[in-house]
Amino acid sequence: MEYLHTMVRVTDLDASLDFYCAKLGLVEVKRVDHEKGRFTLVFLAAPGNVDEAKERHAPLLELTYNWDPDSYEGGRNFGHLAYRVDDIYATCQRLMDSGVTINRPPRDGHMAFVRSPDGISIELLQHGEPLAPKEPWASMENTGVW
């Protein structure tokens, strides 16, 4: 398992970048605008991790800016922790066998979500290319929220 990023939602991207970059000293290493989904992702790295973050896409802070106004009460602005795993199906099976609910199954062979006992979302991402879809994952429904 490899730590990837922590995601936080922001309501004012410019103010957030001013805080995280100009004041705190983080460095923007990647930005992606999703026209269809109406959001922007900005990935930041600590100065000592810039080269590593550009090469491995980790460790990063992911700022998620939704273009349409939204409020984030109750800590909804904190998104998730993300980890890259060698085999997403085996990881999810091991978690299920241990009593963990798979909130968003890896139907696409690439991404799954689970929650910690305190309700913190954890994203699991397949290392490399997505695995071929297979059962029971391909037809498994979402459970709860992530």
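In this predicted model, the protein chain folds into 3 helices and 8 strands. Read from the N terminus, the elements come in the order β-α-β-β-α-β-β-α-β-β-β. The radius of gyration is 16 Å, close to the 15 Å that the globule rule gives for 146 residues, so the chain is as compact as a globular protein of that length. Laid along its principal axes, the C-alpha trace spans about 45 × 35 × 30 Å. Of the 146 residues, 36% count as buried. The chain exposes about 8400 Å², and carbon and sulfur atoms supply 52% of that area. As for contacts with a separation of 6 or more, 59% come from residues 24 or more positions apart.

The strands make up an open sheet of 8, in the order β2-β3-β4-β1-β5-β8-β7-β6, and the pairing is mixed. Strands β2 (27-34) and β6 (102-104) sit at the edges; each has a single partner strand, so one side of each is left without a neighbour in the sheet. From one strand to the next, the twist averages 30 degrees. At the β2 end, β2 pairs with β3 (residues 39-45) in the antiparallel sense over 7 bridges. One of the residues involved is R31, whose bridge partner in β3 is V42.

Two of the helices can be placed against this sheet. Helix α1 (residues 13-23) packs on it, touching β1 (2-10), β2, β3 and β4 (60-66), and its direction makes about 5 degrees with that of β3. Helix α3 (residues 88-97) also packs on the sheet, and here the strands touched are β5 (78-85), β6, β7 (111-115) and β8 (121-126). The direction of α3 makes about 145 degrees with that of β8.

A closer look at α1 shows how the helix sits. Its residues L13, S16, L17 and Y20 are buried. These four cover an arc of only 95 degrees around the axis, which puts them on the same side of α1. The general geometry fits: an α-helix has 3.6 residues a turn, so residues three or four places apart point the same way. The cover over the buried residues of α1 includes β1, β2, β3 and β4. On the face turned away from that buried side, α1 carries the exposed residues D14, A22 and K23.

Strand β8 is another well-covered element. Here 6 of the 6 residues are buried, so β8 is largely enclosed by the rest of the structure. Its side chains split into two sets, with S121, E123 and L125 pointing one way and I122, L124 and Q126 the other way, and all are buried. β8 pairs with β5 in the parallel sense over 6 bridges, and within that pairing A82 has E123 as its bridge partner. β7 and β8, by contrast, run antiparallel and are joined by 5 bridges. M111 stands opposite L125 of β8.

Back in strand β2, R31 ties several of these pieces together. R31 is partly exposed, with a relative accessible area of 40%. Leaving aside its neighbours within four places in sequence, R31 is in contact with L13, L17, T40, L41 and V42. Of these, L13 and L17 are among the buried residues of α1. The C-alpha atoms of R31 and A58 lie 14 Å apart, with the two positions 27 residues apart along the chain count.

Finally, some backbone details are worth a look. Most residues other than glycine have a negative phi, and most peptide bonds are trans. The peptide bond from A58 to P59 is cis, with omega near -5 degrees, and P59 is found in the loop between α2 (50-56) and β4. That loop also holds H57, which has a positive phi of about 60 degrees although it is not a glycine. At 46% relative accessibility, H57 counts as partly exposed. Another cis peptide bond joins E135 and P136, with omega about 5 degrees; P136 falls in the segment after β8. R38, in the loop between β2 and β3, has a phi near 60 degrees, again positive in a residue other than glycine. R38 is partly exposed, with a relative accessible area of 37%.

Note on methods:
Residues are numbered from 1 along each chain as its sequence is written. This is a predicted model: local features need pLDDT of at least 70, side-chain atom pairs count only at pLDDT 80 or more; totals for chains, interfaces and linings use all residues. Side-chain values use heavy atoms; hydrogens and water are left out. Two strands pair if DSSP finds at least two bridges between them. Axes are lines fitted to C-alpha atoms, for helices over the stretch in contact, and angles run from 0 to 180 degrees between N-to-C directions. Contact means heavy atoms within 4.5 Å. The radius of gyration is taken over C-alpha atoms; the globule rule is 2.2 Å times the number of residues to the power 0.38. Buried means under 20% relative accessible area, exposed over 50%, partly exposed in between (1.4 Å probe, protein chains only). Accessible areas come from the Shrake-Rupley method with a 1.4 Å probe; for residues, only the protein chains shown count as cover. The arc is that of the directions from the helix axis to the C-beta atoms.
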